[in-house]
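Grab a pencil and work through these exercises with the model open beside you. Each one comes with a worked solution.

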Amino acid sequence: MSRPGVKWKDVKRCFRRLRFTIYSKGGDKFIQAPEGWHRGNGRRTVRIGHKCCARDGDEVTRGYLKLLERSFGVTRDEMLDA
């Protein structure tokens, strides 16, 4: 059985709960870590392309999920549980 897809609304809910800043620029969304965030590799900002975040029901691709996990240390299971 395959794992459920992570929707943009799940990502948005998770990162807002963790006090991240989410803003738009040119159709893309940027997720910025709060000051002093220590999980992941220390990257401060990640860009999510407009095809994965235009509507709440859009599914975020596996590549972006891995980028978020590497950058911020937040797993897909944490995003689905938020």
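Three short exercises follow, going from the whole chain to one strand and then to the core.

This is a predicted model, where local features need pLDDT of at least 70, side-chain atom pairs count only at pLDDT 80 or more, and totals for chains, interfaces and linings use all residues. Residues are numbered from 1 along each chain as its sequence is written, and side-chain values use heavy atoms, with hydrogens and water left out.

**Exercise 1.** Work out the order of the elements along the chain.

Solution. Start with DSSP runs: helices are H or I of at least four residues, strands are E of at least two, numbered from the N terminus. That gives 4 helices and 3 strands. Read from the N terminus, they go α-β-β-β-α-α-α.

**Exercise 2.** Which side chains of β3 are buried (under 20% relative accessible area, 1.4 Å probe, protein chains only)?

Solution. First find the pairing: β2 (residues 28–32) runs antiparallel to β3 over 4 bridges, where DSSP needs at least two bridges for a pair. One bridge joins phenylalanine 30 to arginine 47. Next, follow the alternation: Val46 and Ile48 are buried on one face, while Thr45 and Arg47 point to the other and are not buried.

**Exercise 3.** Find which element gives the largest share of the largest nonpolar core.

Solution. Such a core joins buried Ala, Val, Leu, Ile, Met, Phe, Trp, Tyr and Cys through side-chain atoms within 4.5 Å. Among its 22 residues, those touching the most other members include Phe15, Ile48 and Phe72. Contributors of two or more residues are α1 (8–17), β3 (45–48), α2 (50–53) and α3 (62–72). The largest share, 5 residues, is from α3.

Definitions and conventions. Buried means under 20% relative accessible area, exposed over 50%, partly exposed in between (1.4 Å probe, protein chains only).
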